[in-house]
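Student: I would like a close look at one part of this model, the charges and the way they sit in the chain, followed by a careful walk through some of the residues. Please take the terms slowly, as I am new to them.

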Amino acid sequence: TILREGLLERNVLIGTALMDMYAKCGTPSKAQEVFDQLHIRDIASWNTLIAAYVQHGYGEEALNCFEQIQHEGLSPDAISVVYALKACASTGAVDKGKEIHSDTITNKFLEKDVMVGSALIDMYAKCGSLAKAQDVFDQLQFRDLVSWNVLLAGYAQLGKDCTILDLFNKMIGEGMVPDSITFTVVLNACSHSGLLDKAEMYFESMSACYSIVPTLEHHSCMIGLYGRAGHFDKVLRMIRKMPTLDYLPMWTALLGACQKWENVELGRLAFEHTVRLDVKYVTAYVCMGNIYAAASMQAEADKMEAMRIQIQAWS
């Protein structure tokens with residue numbers, strides 16, 4: 001109908017909406033086809049096309065579009081810059097990211113839009129330039145929760161767990177209210193460092209102080225910590241609190257802890273749930289076999305090995 005009535009030729013808003021629809025339905029190539037038929041291309045239509053490519057993992061195509069915007073005499077806006085930086089982050093194009101960073105300073109985007117600052121922090125962090133990410137963060141005139149979370153996630157990618165906890169304390173000290181994403185990073189930092197007491201404190205504060213309902217990932221993190229510490233009574237109590245048991249990372253973490261502590265009973269429970277959720281998860285058979293072997297249950301260990309071989313043959 002749109003093509004038959006010539007609406008694409010007369011109304012760029014309709015074309016942009018059509019592109020957005022195709023992008024959200026997972027077909028960026030169709031969004032490109034619509035874009036190619038537009039007689040007028042404004043910055044909104046360009047941004048929609050760039051976003052479509054970024055959201056579906058086509059970073060290089062997104063950056064090509066960003067270049068073409070300037071070739072056609074249009075000026076990128078803050079949205080264009082944010083998506084271009086996301087494309088740099090996904091492709092590791094740190095040099096292009098630095099070039100865009102310079103342009104944001106010239107155009108004063110950093111002063112006007114905190115989203116640009118957060119995208120820059122994310123780009124530098126994902127490209128391994130954490131010092132640059134911190135520099136951008138320090139220069140922001142306004143820091144919102146997104147910019148804090150992006151910086152915390154950047155340190156998490158490089159395993160800087162102590163820095164994460166220091167930043168979290170600084171964030172709270174500046175009056176920022178954390179959200180579920182913040183606590184995911186913080187609890188994982190505690191988990192990696194074996195800081196059980198701190199993790200318990202942060203986990204309890206989520207609901208008590210911030211009215212945040214813990215997610216499956218938060219519960220899983222605590223179960224992993226309790227398991228590695230050998231506190232299996234707390235593991236069972238935590239499992240009973242979970243809204244659903246259909247969460248594979250929790251069971252694999254628990255299975256690893258059961259292997260460490262040679263806990264056959266809970267190991268069986270973890271194994272059963274793991275293979276129910278992913279029957280081809282080979283590591284589960286290896287872990288359970290090791291648990292049986294450590295308990296001198298060689299017949300059961302041999303069964304696990306036979307099942308492992310069979311699963312690998314199917315794969």
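Tutor: For counting charges, Lys and Arg are taken as positive and Asp and Glu as negative, while His and the chain ends are not counted. The place of each charge is NZ of Lys, CZ of Arg, CG of Asp or CD of Glu. On that basis the protein chain has 27 positive and 37 negative charges, and their mean positions are 3 Å apart. This is a predicted model, in which local features need pLDDT of at least 70 and side-chain atom pairs count only at pLDDT 80 or more, whereas totals for chains, interfaces and linings use all residues. Residues are numbered from 1 along each chain as its sequence is written, and side-chain values use heavy atoms, with hydrogens and water left out.

The setting of those charges is a protein chain with 20 helices and zero strands, where helices (H or I, at least four residues) and strands (E, at least two) are DSSP runs numbered from the N terminus. Along its principal axes the C-alpha trace spans about 75 × 50 × 35 Å. The radius of gyration of the protein chain is 25 Å, while a compact globule of 315 residues would have one near 20 Å; the value is taken over C-alpha atoms, and the globule rule is 2.2 Å times the number of residues to the power 0.38. About 15,800 Å² of the protein chain is exposed, and carbon and sulfur atoms supply 53% of that area, as found by the Shrake-Rupley method with a 1.4 Å probe, only the protein chains shown counting as cover for residues.

Of the 315 residues, 46% count as buried, a word that stands for under 20% relative accessible area, with exposed meaning over 50% and partly exposed in between (1.4 Å probe, protein chains only). Among the contacts with a separation of 6 or more, residues 24 or more positions apart account for 57%, contact meaning heavy atoms within 4.5 Å.

We can now turn to single residues. C190 belongs to helix α13, residues 180-193, and it counts as buried because its relative accessible area is 0%. Leaving aside neighbours within four places in sequence, C190 is in contact with L165, L195, K198, A199, Y202 and L225. D77, by contrast, is 113 residues from C190 along the chain, and their C-alpha atoms are separated by 39 Å.

Y202, one of the contacts of C190, also belongs to an aromatic cluster with F168, F183 and Y210. Rings of Phe, Tyr and Trp (its six-membered ring) pair if their centres lie within 6.5 Å, and planes under 30 degrees apart count as stacked, over 60 as edge-to-face and the rest as tilted. By this rule there are seven aromatic pairs, and one of them, Y53 with Y58, is edge-to-face, at 6.1 Å centre to centre and 80° between the planes. Y53 is buried because its relative accessible area is 10%, whereas Y58, at 38%, is partly exposed.

Two further buried residues also lie in helices. S118 is in helix α9, residues 114-126, and counts as buried because its relative accessibility is 6%; beyond four places in sequence, it touches D144, V146, S147 and V150. H273 is in helix α18, residues 264-277, and is buried at 15% relative accessibility, touching L245 and W251 when residues up to four places away are not counted.

A helix can also carry an exposed residue, as L13 shows: it is found in helix α2, residues 12-24, and is exposed because its relative accessible area is 62%. L13 and D42 are 29 residues apart in sequence, and 9.4 Å apart from C-alpha to C-alpha.

The loops deserve the last look. Most residues other than glycine have a negative phi. E262, in the loop between α17 (248-261) and α18, nevertheless has a positive phi of about 55°, and it counts as partly exposed because its relative accessibility is 47%. S296, in the loop between α19 (282-294) and α20 (298-314), likewise has a positive phi, of about 60°, and it is exposed at 66%. K108 is in the loop between α7 (94-106) and α8 (109-112) and is partly exposed at 48%.
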